Amino acid sequence: MPTPEEVYGVLSEIYDPEIPVNIVDLGLIYDVAVEGAECKIQMTLTSQACPEARTIPEVMKRKVNQMEGIDGTEIEIVWEPMWTPQLISEKGREILGM
């Protein structure tokens, strides 16, 4: 069974197509829980009008479900707390020149 940290590692390989920073460093992932062979991820998007609102979660499911020991992934998109640029990691800020 993968650890939440290992799931975060897989998620850090996924990039928002409009921003050259992965979704973990962008601060879009709020929580990862692994319960048996199921993974539950709570996340947000940069805005409710995000054009990738369907694509990013589907890519996430596909990649996490490929992990050994994971049989299913549930993704919950939440809007509280609202995403702000302050959630971007130090690494992400460097990439974006902030």
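Visitor: Which residue takes a positive phi in the hairpin of S1 and S2?
Guide: Welcome! This is a predicted model, and its hairpin of S1 and S2 has two residues between the strands. In that hairpin, the residue with a positive phi, near 65°, is Gly36.

Visitor: Which residue in S2 does Glu35 stand opposite?
Guide: S1 and S2 run antiparallel and are joined by six bridges. Across from Glu35, in S2, stands Glu38.

Visitor: In what order do the three strands of the open sheet come?
Guide: The pairing in this open sheet is mixed. S1 and S3 each have a single partner strand and stand at the edges, so one side of each has no neighbour in the sheet. From one strand to the next, the twist averages 15°. The order of the strands is S1-S2-S3.

Visitor: At about what angle does H2 run to S3?
Guide: Let's look at the helices that lie over the strands. H1 lies across S1 and S2, and its direction is at about 130° to S1. H2 lies across S1, S2 and S3, and its angle to S3 is about 150°.

Visitor: Why do the buried residues of H2 line one face of the helix?
Guide: Helix H2 covers residues 55-65, and its buried residues are Ile56, Pro57, Met60 and Val64. Looking down the axis of H2, these buried residues line one face because they fall within an arc of 95°.

Visitor: Which helix and which strands do the buried residues of H2 pack against?
Guide: The residues in question are Ile56, Pro57, Met60 and Val64. Their packing partners are helix H1 (4-11) and the strands S1 (29-35), S2 (38-43) and S3 (72-77).

Visitor: How many residues does the largest nonpolar core have?
Guide: In soluble globular proteins, nonpolar side chains tend to be buried together. Here, Val7, Leu11, Ile41, Met60 and Val64 have the most contacts inside the largest nonpolar core. At least two residues of this core come from each of H1, S1, S2 and H2. The size of the core is 24 residues.

Visitor: Which residues is Val64 in contact with, leaving aside its neighbours within four places in sequence?
Guide: Val64 is one of the buried residues of H2, and one of those with the most contacts inside the largest nonpolar core. With those sequence neighbours set aside, its contacts are Val7, Val10, Leu11, Cys39, Ile41, Ile70 and Thr73.

Visitor: How many residues apart in sequence are the parts tied together by Lys63 and Glu13?
Guide: The structure holds three salt bridges, and in one of them the side chains of Lys63 and Glu13 meet, at 3.4 Å from N to O. Lys63 counts as partly exposed, at 27% relative accessibility. Since Lys63 belongs to helix H2 and Glu13 to the loop between H1 and S1, the pair ties together parts whose separation in sequence is 50 residues.

Visitor: Is Asp25 buried or exposed?
Guide: Asp25 forms a salt bridge with Lys91, with 4.0 Å between the closest N and O atoms. Lys91 lies in helix H3 (residues 90-96) and Asp25 in the loop between H1 and S1, so this pair ties together parts 66 residues apart in sequence. Lys91 is exposed, at a relative accessible area of 52%. Asp25 has a relative accessible area of 12%, so the word for this residue is buried.

Visitor: Which residue forms a salt bridge with Glu35?
Guide: Glu35 counts as partly exposed, at 47% relative accessibility. Its salt-bridge partner also counts as partly exposed, at 35% relative accessibility. The closest N and O atoms of the pair are 3.7 Å apart, and the partner is Lys40.

Visitor: Which residues does a cis peptide bond join?
Guide: The place to look is the loop between S3 and H3, where Pro81 lies. Omega is about -5° at this cis bond, and the residues joined are Glu80 and Pro81.

Visitor: What separates the C-alpha atoms of Cys50 and Glu18?
Guide: Cys50 sits in the loop between S2 and H2, and it is buried, with a relative accessible area of 8%. Along the chain, Cys50 and Glu18 are 32 residues apart. Between their C-alpha atoms, the separation is 9.9 Å.

Technical notes
Residues numbered from 1 in each chain as written. Predicted model: local features only at pLDDT ≥ 70, side-chain atom pairs only at ≥ 80, totals over all residues. Heavy atoms only, no water. Buried < 20%, exposed > 50% of the residue type's maximum accessible area, 1.4 Å probe, protein only. Helix = DSSP H or I, 4+ residues; strand = E, 2+ residues; numbered from the N terminus. Arc of directions from axis to C-beta. Contact = heavy atoms within 4.5 Å. Pairing = 2+ DSSP bridges. Axes fitted to C-alpha atoms, helices over the stretch in contact; angles between N-to-C directions. Core = buried A, V, L, I, M, F, W, Y, C linked by side-chain atoms within 4.5 Å.
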